[in-house]
Amino acid sequence: MIEVKNITYSYPNSDSKALNDLSVTIQDQQWIALVGHNGSGKSTIARVIDGLVEGYQGEVTVNGMPLNDDTVWDIRDQIGFVFQNPDNQFVGATVQDDVAFGLENRNVPRPEMVERVQQALEVVGMNEFATREPSSLSGGQKQRVALAGAIALQPKILILDEATSMLDPQGRQEMLEILKQMKQRFELTIIMITHDLSETAMADRVLLMNHGQLVADAQPEKLFARTQVIKDNGLELPYSEQLKEQLAVAGIDLPRDYMNEDRMVEWLWDKLN
């Protein structure tokens, strides 16, 4: 469990608060979507949890361990972090070397290291690219390798900071499906930072942030129903929800529960035939 209590933080040379008395609790094995426009504080709180930010007020506890100078490395051992641009994380000459890098830093015995690397690449569907240079991969493939590097460390918590923002729609959907499978297989707690609400449908909870504060904490379909709150905080409804609004104006009533674009097409096809 992750407990964040009354966190306040301002970046150096800034008069505004990146986080303003923020408190939230995340249960084990929950999938949390952390959303908000640029500058809302969503990436900052993720970095606080991972011990990458110092000088804040308040308390952070990860799996019963208070975050401080003495515990920060033990807490980081429990967290895998995947950033927006995978190129910034690559250090190995080959895909398998890159996935093994974190394990080498932790002095994992070589037989175990080889096994973990193979398993991680298998999970993300990149086994056949093990000996390729990371620079030769597509954007989606690079992000899968970055994900494999995090999973090889066997974290309890996986944080993804806009990790799908550089992918095309198909690549994003493939990444979300991989995350869903990984969560079930490894019993992960996932914190996914995004500004795209369409990516939050698989989450257990969506935390909407603005001005360093928590504006809403709800299940995806319940948050999508609060259209004015979403718009007031600088975000766009998923396309399927925008279409649902337009169809309602035209007198076509759709189910209240959230439907992605594929499900909506199926529903409309059945309705109109």
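Start at the antiparallel pair of strands E9 (residues 205-210) and E10 (residues 213-218), which five bridges hold together. Helices (H or I, at least four residues) and strands (E, at least two) are DSSP runs, numbered from the N terminus, and two strands pair if DSSP finds at least two bridges between them. This is a predicted model, in which local features need pLDDT of at least 70 and side-chain atom pairs count only at pLDDT 80 or more, while totals for chains, interfaces and linings use all residues. Numbering runs from 1 along each chain as its sequence is written, and side-chain values use heavy atoms, with hydrogens and water left out.

Still on the hairpin, pick Leu207: its bridge partner in E10 is Asp217. Then go to the two residues between the strands, where His211 has a positive phi near 55 degrees.

Now show the side chains of Arg205 and Asp217. They form a salt bridge at 2.7 Å, N to O; the term means a side-chain nitrogen of Lys or Arg within 4 Å of a carboxyl oxygen of Asp or Glu. Arg205 sits in E9 and Asp217 in E10, so this pair ties together parts twelve residues apart in sequence. Which of the two is buried? Arg205 is, at 13% relative accessibility, whereas Asp217 is partly exposed at 37%. (Buried is under 20% relative accessible area, exposed over 50%, partly exposed in between, with a 1.4 Å probe and protein chains only.)

The salt-bridge count comes to eight. Select Arg172, Asp196 and Glu199 together: salt bridges with shared partners make them one network.

Next stop, Asp161 and Arg47. Their closest N and O atoms are 2.5 Å apart, in another salt bridge. Asp161 belongs to strand E7 (residues 157-161) and Arg47 to helix H1, so far along the chain that 114 residues separate them. Asp161 is buried at 6% relative accessibility, and Arg47 is partly exposed at 23%.

While you're at H1 (residues 42-49), select Lys42. How accessible is Lys42? Its relative accessibility is 4%, so it counts as buried. The Lys42 side chain reaches the backbone oxygen of Gly36 at 2.8 Å. Expand the selection to heavy atoms within 4.5 Å, which is what contact means here. Leaving aside residues up to four places away in sequence, Lys42 touches a set including Glu162, Ile193, His195 and Met209.

Jump over to Arg144 and Glu174, whose side chains meet in a salt bridge of 3.0 Å, N to O. Arg144 is in helix H5 (residues 139-151) and Glu174 in helix H6 (residues 169-186), so parts 30 residues apart in sequence are tied together. Arg144 is buried, with a relative accessible area of 19%; Glu174, at 33%, is partly exposed.

Last, color helix H4 (residues 110-123). Its 14 residues should span 20 Å at 1.5 Å a residue, and the end C-alpha atoms are indeed 20 Å apart; the expected span is 1.5 Å times one less than the number of residues. Highlight the buried Met113, Arg116, Val117, Ala120, Leu121 and Val123. Look down the axis of H4: the buried residues fall within an arc of 155 degrees, so they line one face. That arc is taken from the directions between the helix axis and the C-beta atoms. These buried residues pack against helix H3 (95-105), H5 and H6. Turn to the face pointing away from the buried side and you'll find the exposed Pro111, Glu115 and Glu122. Just past H4, finish on Gly125, with a positive phi of about 70 degrees.

Key
Polar contact = N/O pair within 3.5 Å; in protein donor to acceptor, adjacent residues only side chain to side chain.
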